[in-house]
Amino acid sequence: MIQGLLVLNYENYVYERWHGTLLYWAILLVSLAANVLGSDILPLLEKLSLVFHVIGFIVVMVVICVVSPTKHSREFVFTEFINNSGWSNSGVAWSIGMLSSCYVMTGKH
């Protein structure tokens, strides 16, 4: 992504494969330094990240609710299910929709 941004923003930049490798190693070294040298402040950073994400979620939800031109009833939102996926079985459509969010849970420990 970094190389893509460089290509997009700097028309004179000619990307090479080894540039990507150097960027990869630089990111690894920064991550290593943050975990080894900054291990004392990592819990604080994690807590700040949690607070930021919770506040951001609330702000986004409030903005979406306030700015939305169409307001539906609670019954429509929480009980109505419209299957426009092309699958005849709503359970199959739901399961396939859940696949993308479940992929992050398949990492090895």
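**Figure 1. Accessible surface and overall form of the chain in the predicted model.** The accessible surface of the chain amounts to about 10400 Å². Carbon and sulfur atoms account for 70% of this surface. Of the 109 residues, 4% count as buried. The C-alpha trace spans about 55 × 35 × 35 Å along its principal axes. Five helices and zero strands make up the secondary structure, and the order of elements from the N terminus is α-α-α-α-α. The radius of gyration is 22 Å, well over the 13 Å given by the globule rule for 109 residues, so the chain is more spread out than a compact globule.

**Figure 2. Charged side chains of the chain.** There are 5 positive and 6 negative side chains. The centre of the positive set and the centre of the negative set lie 7 Å apart.

**Figure 3. The aromatic pair formed by Tyr 24 and Trp 25.** The structure holds one aromatic pair. In this pair, the rings of Tyr 24 and Trp 25 are 6.1 Å apart, centre to centre. Their planes make an angle of 80 degrees, and the arrangement is edge-to-face. The class follows from the angle, because planes over 60 degrees apart count as edge-to-face.

**Figure 4. Surroundings of His 19 in helix H2.** Helix H2 covers residues 17–37 and includes His 19. The relative accessible area of His 19 is 17%; this residue is therefore buried, the cut-off being under 20%. When neighbours within four places in sequence are left aside, His 19 is in contact with Gln 3, Tyr 13 and Val 14.

**Figure 5. Glu 16 in the loop between helices H1 and H2.** Helix H1 comprises residues 2–9, and Glu 16 is located in the loop between H1 and H2. Glu 16 has a relative accessible area of 35% and is partly exposed. Between Glu 16 and Gln 3 there are 9.2 Å in space, C-alpha to C-alpha, and the two are 13 residues apart in sequence. Gln 3 is also one of the residues in contact with His 19.

**Figure 6. Ile 55 in helix H3.** Helix H3 runs over residues 42–67 and contains Ile 55. With a relative accessible area of 48%, Ile 55 is partly exposed; the class applies because the value falls between the limits of 20% and 50%. The C-alpha atoms of Ile 55 and Asn 12 are separated by 40 Å, and these residues are 43 apart along the chain.

**Figure 7. Surroundings of Ala 93 in helix H5.** Ala 93 belongs to helix H5, residues 90–102. Ala 93 is buried, its relative accessible area being 14%. Apart from neighbours within four places in sequence, Ala 93 is in contact with Asn 83, Ser 85 and Trp 87. From Ala 93 to Asn 12 the separation is 47 Å between C-alpha atoms, for residues 81 apart along the chain.

Technical notes: Residues numbered from 1 in each chain as written. Heavy atoms only, no water. Phe/Tyr/Trp six-rings, centres within 6.5 Å; stacked < 30°, edge-to-face > 60°. Helix = DSSP H or I, 4+ residues; strand = E, 2+ residues; numbered from the N terminus. Rg over C-alpha atoms; globule rule 2.2 N^0.38 Å. Buried < 20%, exposed > 50% of the residue type's maximum accessible area, 1.4 Å probe, protein only. Areas by Shrake-Rupley, 256 points an atom, 1.4 Å probe, with all protein chains shown as cover. Lys, Arg positive; Asp, Glu negative; His and termini not counted. Charge placed at Lys NZ, Arg CZ, Asp CG, Glu CD. Contact = heavy atoms within 4.5 Å.
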